[in-house]
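Reader: Hello! Could you take me on a close look at the aromatic side chains in this model, and tell me which of them sit together?

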Amino acid sequence: DRHPPDGKTAIRETFEALETVFKLFFPSASRLTAGAEINRLRPIISQAYAGNQPAIDAANLQLKAFEDWVNAAHIYRHGQAVEEPAPPPLSLAVSMVSNGASYLRWLLDLGTAAGL
């Protein structure tokens, strides 16, 4: 609602929502990072989609895209090495928040299917 819109905060808060859900799934996780942390979701995918190999294959590819999203969000979560950080263009911020919301919905559904 801000003028100009605050895309950086929107991305940060979307990430925080995803990280919170991730930590609820995996209490020993200290943070949401790409790689080993996200790969903890693979067994949940296999459990949630048991007996549906095409869904498992597609979800594992989706997981790779989620890793890329996490890496992209970290660019705006952490300080940039400049005095005046560049905000994300509005179209990029909208895309990242929209994608993040989709990942959040997906994670919540996976958690429900896995009994988390």
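Author: Happy to; here is a walk through one aromatic cluster and its rings. Please keep in mind that this is a predicted model.

The cluster is formed by Phe15, Phe66, Trp69 and Tyr103. Across the model, the count of aromatic pairs comes to 6. Let's begin with phenylalanine 15 and tryptophan 69: their ring centres are 6.3 Å apart and their planes meet at 10°, so this pair is stacked. A pair counts as stacked when the planes are under 30 degrees apart. Phenylalanine 15 belongs to helix H1 (residues 7-25) and tryptophan 69 to helix H3 (residues 53-77), so the contact links distant parts of the chain, 54 residues apart. Both phenylalanine 15 and tryptophan 69 are buried.

Now turn to phenylalanine 66 and tyrosine 103. Here the ring centres lie 4.9 Å apart with the planes at 40°, so the pair is tilted. This pair, too, links distant parts of the chain: phenylalanine 66 is in helix H3 and tyrosine 103 is in helix H4 (residues 90-113), with their positions 37 residues apart. How accessible are these two rings? Phenylalanine 66 has 0% relative accessibility and counts as buried. Tyrosine 103, at 9%, counts as buried as well, because the cut-off for buried is under 20%.

Helix H4 also holds a charged pair, aspartate 109 and arginine 105, 4 residues apart, or about one turn of the helix. Their side chains meet in a salt bridge at 3.5 Å, N to O. Aspartate 109 is partly exposed at 42% relative accessibility, while arginine 105 is exposed at 58%.

Technical notes
Residues numbered from 1 in each chain as written. Predicted model: local features only at pLDDT ≥ 70, side-chain atom pairs only at ≥ 80, totals over all residues. Heavy atoms only, no water. Phe/Tyr/Trp six-rings, centres within 6.5 Å; stacked < 30°, edge-to-face > 60°. Helix = DSSP H or I, 4+ residues; strand = E, 2+ residues; numbered from the N terminus. Buried < 20%, exposed > 50% of the residue type's maximum accessible area, 1.4 Å probe, protein only. Salt bridge = Lys/Arg side-chain N within 4 Å of Asp/Glu carboxyl O.
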